[in-house]
Amino acid sequence: QVQFVESGGGLVEPGGSLRLSCAASGFAFNKYAVMWYRQVEGDEREMVAVTTSAAVSTKYADSVKGRFTISKDNAKNTAYLQMNNLKPEDTGVYYCNSDIWPSGWPENWGQGTQVTVSS
């Protein structure tokens, strides 16, 4: 069964950094892109970063460009999101997923990891 387990969130002051991890299982991780999403309570999930199957190409939402870095370790079936210079508006629950779904829409969401940026 396809699973995503996110970790690494926490409380951090503005300007601080966090590194999120996404442990994936149940599919050929090295053959698919990975995306990180952020959800603020009451809003829909928004994609903040995506990397291709071999992690050769990346793309970011304008709100995080230059501050976040997505990476992917295919040997460990794990993706990461390095978040630097965090801002209060980065607060939310972060989820990862992949483009493996025939429907074209992400499914089997994990529990996410909470990131809170506050002084």
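These exercises work through the strands of a predicted model.

**Exercise 1.** Find the strand order of the open sheet of 6 strands, and name its edge strands.

*Solution.* Step 1: follow the pairing across the sheet. The order reads S2-S10-S9-S4-S5-S6. Step 2: check direction. The pairing is mixed. Step 3: look for strands that pair on one side only. These are strand S2 (10–12) and strand S6 (58–60), the edges. Step 4: take the twist. Neighbouring strands are turned by 25° against each other on average, direction ignored.

**Exercise 2.** Describe how strand S4 pairs with strand S5, and find the residue opposite Trp36.

*Solution.* Step 1: set the ranges. S4 covers residues 34–39 and S5 covers residues 46–51. Step 2: read the pairing. The two strands are antiparallel, with 5 bridges. Step 3: locate Trp36. Ala49 in S5 stands opposite Trp36.

**Exercise 3.** Identify the pairing of S3 with strand S1 and with strand S8.

*Solution.* Step 1: take S1, residues 3–7. S1 and S3 run antiparallel, joined by 5 bridges. Glu6 faces Cys22 of S3 across this pairing. Step 2: take S8, residues 78–83. S8 is antiparallel to S3 over 6 bridges. Here Leu20 has Leu81 as its bridge partner.

**Exercise 4.** Sort the side chains of strand S3 (residues 18–25) by face: which are buried, and which are not?

*Solution.* Step 1: recall the rule. Side chains in a regular strand alternate between the two sheet faces. Step 2: apply the cut-off. Buried means under 20% relative accessible area. Step 3: sort. Leu18, Leu20, Cys22 and Ala24 share one face and are buried. Arg19, Ser21, Ala23 and Ser25 point to the other face and are not buried.

Key:
Residues numbered from 1 in each chain as written. Predicted model: local features only at pLDDT ≥ 70, side-chain atom pairs only at ≥ 80, totals over all residues. Heavy atoms only, no water. Pairing = 2+ DSSP bridges. Helix = DSSP H or I, 4+ residues; strand = E, 2+ residues; numbered from the N terminus. Axes fitted to C-alpha atoms, helices over the stretch in contact; angles between N-to-C directions. Buried < 20%, exposed > 50% of the residue type's maximum accessible area, 1.4 Å probe, protein only.
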